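Colleague: I am new to this structure and would like to go through it with you. Could you put it on screen?

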Amino acid sequence: MDDCIFCQIVDGDVPARVVYEDEDVLAFLDANPLAAGHTLVIPKSHHETLDEVPPEPGASLFAAIHSLTPRIEDAVDADGSNVGFNNGAAAGQEVPHVHAHIVPRFEGDGGNPIHAVAGSPPDLDDDDLDALADDIAAAAGDHTPD
Ligand code: AMP
Ligand code: ZN
């Protein structure tokens, strides 16, 4: 995608502070870090949201996130991290090339847990939750664990 800033980074046309690269995945420092070590992990191929990512490079993307997260924490001496995707514009995604944020966290840094991302939490009773679980399990189909 010619007009995608992250594709331009993959192609070497825009500079980035690359911290990891393999055949399918690139990781680089966020240009506007929320914390020291804030890193973005992307598939090299252009896909806008998670549902559009094929199994490969999806598996490679997760493997890189899994491997990088503790290494980033070690590198910046963090106490933990928030790892997540803004998946779609409604969720705050601004760059339309799927990317995981790894945000190192430090005791007393004044930040919030991932629970802080939602607007007004819904008021759901047990019946609502049962129905939601059924709907999602049906939608997940063959992908639900045995
Ligand atoms: P999101 O809202 O999840 O799409 O976040 C996009 C992230 O990409 C933001 O945290 C930006 O700071 C970051 N970003 C945008 N352009 C660049 C760039 N050229 N190099 C590194 N990070 C970038
Ligand atoms: Zn792209």
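Modeller: One definition before the strands: two strands count as paired if DSSP finds at least two bridges between them. Please also keep in mind that this is a predicted model.

Colleague: Understood. In what order do the strands of the sheet lie?

Modeller: The order is β1-β2-β3-β5-β4, in an open sheet of 5 strands with antiparallel pairing. The edge strands are β1, residues 18-21, and β4, residues 80-84, and each of them pairs on one side only. On average, neighbouring strands of this sheet are turned by 20° against each other, direction ignored.

Colleague: And what packs on the sheet?

Modeller: Helix α2, residues 55-76, does so, touching β1, β2, β3, β4 and β5. The direction of α2 makes about 165° with that of β3.

Colleague: Let us take the pairs one by one. What joins β1 to β2?

Modeller: A hairpin joins β1 to β2 through 3 residues. The two strands pair in the antiparallel sense over 3 bridges, and Y20 stands opposite A27 in β2.

Colleague: Over how many bridges do β2 and β3 pair?

Modeller: β2 and β3 pair over 5 bridges, again antiparallel. For L29, the bridge partner is T39 in β3. As for cover, 4 of the 5 residues of β2 are buried.

Colleague: Now the other edge. In which sense do β4 and β5 pair?

Modeller: β4 pairs with β5, residues 100-105, in the antiparallel sense over 5 bridges. V83 stands opposite I102 in β5.

Colleague: Back to the helix on the sheet. Which residues does T69 contact, apart from its neighbours within four places in sequence?

Modeller: T69 is found in α2, and beyond those neighbours it is in contact with S81, V83 and I102. Two of these partners, V83 and I102, stand opposite each other in the sheet.

Colleague: Is T69 buried or exposed?

Modeller: T69 has a relative accessible area of 12%. The limit for buried is under 20%, so T69 counts as buried. A polar atom of its side chain lies 2.7 Å from the backbone oxygen of I65.

Colleague: What about the geometry of the peptide bond from E56 to P57?

Modeller: That bond is cis, with omega near 25°, and P57 lies in α2. For context, most peptide bonds are trans, and most residues other than glycine have a negative phi.

Colleague: Which phi does D77 have, then?

Modeller: The phi of D77 is positive, about 60°, although D77 is not a glycine. D77 sits in the loop between α2 and β4. The cut-off for exposed is over 50%, so D77, at 62% relative accessibility, counts as exposed.

Colleague: A different topic: which residues come nearest to ligand 1?

Modeller: Of the 16 residues around ligand 1, D30, E94, V95, H99 and H101 come nearest. A polar side-chain atom of D30 lies 2.5 Å from an oxygen atom of the ligand. For N32, a polar side-chain atom lies 2.9 Å from an oxygen atom of ligand 1. With G92, a backbone N or O atom lies 2.9 Å from an oxygen atom of ligand 1.

Colleague: Why does the span of α3 agree with what one should expect?

Modeller: Helix α3 runs over residues 126-140, and at 1.5 Å a residue its 15 residues should span 21 Å. The expected span is 1.5 Å times one less than the number of residues. The end C-alpha atoms of α3 are 21 Å apart, so the two values agree.

Colleague: What is found at its two ends?

Modeller: D125 caps the N-terminal end of α3, with a side-chain oxygen 3.2 Å from the backbone nitrogen of D127. Just after the helix, G141 takes a positive phi of about 55°.

Colleague: Last one. What does the side chain of E21 make a polar contact with?

Modeller: E21, which lies in β1, makes that contact with the side chain of K44, at 2.8 Å. Leaving out residues up to four places away in sequence, E21 touches L26 and K44. At 48% relative accessibility, E21 counts as partly exposed. The C-alpha atoms of E21 and P43 are separated by 9.9 Å, with these positions 22 residues apart along the chain counted as their separation.

Conventions: Residues numbered from 1 in each chain as written. Chains lettered and ligands numbered in written order. Predicted model: local features only at pLDDT ≥ 70, side-chain atom pairs only at ≥ 80, totals over all residues. Heavy atoms only, no water. Axes fitted to C-alpha atoms, helices over the stretch in contact; angles between N-to-C directions. Contact = heavy atoms within 4.5 Å. Polar contact = N/O pair within 3.5 Å; in protein donor to acceptor, adjacent residues only side chain to side chain. Buried < 20%, exposed > 50% of the residue type's maximum accessible area, 1.4 Å probe, protein only. Near = heavy atom within 4 Å.
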